[in-house]
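Student: Could we go through some labels in this structure and check what each one rests on?
Tutor: Happily! Let's put each value beside its cut-off.

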Amino acid sequence: QAYKESANCRLEAQYAYQQQLDMVPLMMVDGYSAKGWLGMLLGVRLYYKFCGPVLDGERAFEAKVEELCRELGERGKA
């Protein structure tokens, strides 16, 4: 919540939106719900949950990382 309220978070999100860059949201706090400007920016995008049961074991965490890597694919590679 504190980072969402920071100027840096808002600037980064606005820049990505203006540049029409892909955004892949990660949920880092169990039960968090983006509201206000962030909620509007994210809309109905699916997010990757990196909290709760995903952190209970190495296998669950690695599976989530692999899922995220498949989503990212070749994006961002030079």
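Tutor: This is a predicted model. Let's begin with F50, which has a relative accessible area of 8%.

Student: Why is F50 called buried?
Tutor: Buried means under 20% relative accessible area. F50 has 8%, so the label buried applies.

Student: What makes F50 and F61 an aromatic pair that is edge-to-face?
Tutor: Two values decide that. Ring centres must lie within 6.5 Å, and here they are 5.8 Å apart. Planes over 60 degrees apart count as edge-to-face, and these are at 75 degrees, so the name fits. A search of the whole structure finds one aromatic pair.

Student: Which parts does the pair tie together?
Tutor: F50 lies in the loop between β2 (48-49) and α3 (58-72), whereas F61 is in helix α3, so the pair links parts eleven residues apart in sequence.

Student: Why does F61 count as partly exposed?
Tutor: F61 has 36% relative accessibility. Partly exposed lies between the 20% and 50% cut-offs, so F61 belongs there.

Student: And what makes K64 buried?
Tutor: K64, found in helix α3, has a relative accessible area of 16%. That is under 20%, so K64 is buried. Leaving out residues up to four places away in sequence, K64 touches Y48, K49, F50 and V54.

Student: How do you know that P25 is buried?
Tutor: P25 sits in the loop between α1 (7-18) and β1 (26-27). Its relative accessible area is 14%, under the 20% cut-off, so P25 is buried. Beyond its neighbours within four places in sequence, P25 has contacts including L42, R45 and Y48.

How values were computed:
Residues numbered from 1 in each chain as written. Predicted model: local features only at pLDDT ≥ 70, side-chain atom pairs only at ≥ 80, totals over all residues. Heavy atoms only, no water. Helix = DSSP H or I, 4+ residues; strand = E, 2+ residues; numbered from the N terminus. Buried < 20%, exposed > 50% of the residue type's maximum accessible area, 1.4 Å probe, protein only. Contact = heavy atoms within 4.5 Å. Phe/Tyr/Trp six-rings, centres within 6.5 Å; stacked < 30°, edge-to-face > 60°.
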